[in-house]
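Biologist: I'm new to this one, and I'd like to learn how to read it. Could you walk me through it step by step?

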Amino acid sequence: MKLTSKGRYGLRAIVDLAIHSEQEPVSIKSISMRQGISERYLEQIIAKMKRSGLVESVRGAAGGYHLAKNPSDISVGDILRCLEGDLSIVNCPEINETKCEVSQLCVTKYVWQKINGSIQHTINHITLDELVEQSKALLLEHEGEK
């Protein structure tokens with residue numbers, strides 16, 4: 001499994017959105033400027049997150065986007081699955097509950113199950129609010145170094 005730029009940029013974008021939309025909706029242009037991601041690409045990413053119920057849009061002159069849920073209720077897994085789909089490392093028939101000719105004698109399926117389980121556990125237990133706090137701490141640390 002290798003995450004695409006959609007997953008990597010989407011995670012950065014939603015952290016930015018969570019930080020900056022606490023007071024008012026955030027424009028795609030402002031996220032684009034802060035994150036160095038093309039506006040056109042961000043529009044595609046945000047549209048997927050909107051369809052998945054992670055973000056909401058606000059129309060009008062002061063419009064933009066904000067989170068649809070509390071950051072503590074959004075996991076990294078929710079975000080990555082929305083943007084990337086299945087995050088399994090291997091497309092093994094036995095793991096995906098379809099039978100394989102050698103499944104009874106295959107020991108490698110246990111390796112794939114363990115790896116997939118570890119990935120799912122990790123991404124499902126890191127929440128957006130944790131990333132927001134990490135981001136704020138990094139910004140403070142960076143400012144202190146100047």
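Modeller: Let's begin with a term we'll need: a residue is buried under 20% relative accessible area, exposed over 50%, and partly exposed in between. Keep in mind that this is a predicted model.

Biologist: Okay, so how do I use that on lysine 136: what does its relative accessible area make it?

Modeller: Lysine 136 has a relative accessible area of 29%, so it is partly exposed. It also forms a salt bridge with glutamate 22, with the closest N and O atoms 3.5 Å apart. Lysine 136 is in helix H6 and glutamate 22 in the loop between H1 and H2, so this pair ties together parts 114 residues apart in sequence. Glutamate 22 counts as exposed, because its relative accessibility is 51%.

Biologist: And how should I think about salt bridges in general? How many are there by this rule?

Modeller: The general idea is that side chains of opposite charge can pair when their charged atoms come close. Here the count comes to three salt bridges. In one of them, the side chains of arginine 34 and aspartate 16 meet at 2.7 Å, N to O. That pair links distant parts of the chain, with arginine 34 in helix H2 and aspartate 16 in helix H1, 18 residues apart. Aspartate 16 counts as buried, at 3% relative accessibility, while arginine 34 is partly exposed at 38%.

Biologist: Where do arginine 81 and aspartate 78 lie?

Modeller: Both sit in helix H4, three residues apart, which is about one turn of the helix. Their salt bridge has its closest N and O atoms 3.8 Å apart.

Biologist: Now a charged residue without a partner. How far from lysine 6 is the nearest side chain of opposite charge?

Modeller: That side chain is glutamate 84, 8.4 Å away, and lysine 6 is buried yet has no salt bridge. For a salt bridge, the nitrogen has to be within 4 Å of a carboxyl oxygen. Lysine 6, which belongs to helix H1, touches residues including Tyr41, Gln44 and Leu83.

Biologist: What about strands? How many bridges join E1 to E2?

Modeller: As a general picture, side chains in a regular strand alternate between the two faces of the sheet. In this model, E1 and E2 run antiparallel and are joined by four bridges. Serine 57, for instance, has tyrosine 65 in E2 as its bridge partner. Five residues lie between the strands of this hairpin, where glycine 60 takes a positive phi near 110 degrees.

Technical notes: Residues numbered from 1 in each chain as written. Predicted model: local features only at pLDDT ≥ 70, side-chain atom pairs only at ≥ 80, totals over all residues. Heavy atoms only, no water. Pairing = 2+ DSSP bridges. Helix = DSSP H or I, 4+ residues; strand = E, 2+ residues; numbered from the N terminus. Buried < 20%, exposed > 50% of the residue type's maximum accessible area, 1.4 Å probe, protein only. Lys, Arg positive; Asp, Glu negative; His and termini not counted. Contact = heavy atoms within 4.5 Å. Lists of a residue's contacts leave out its neighbours within four places in sequence.
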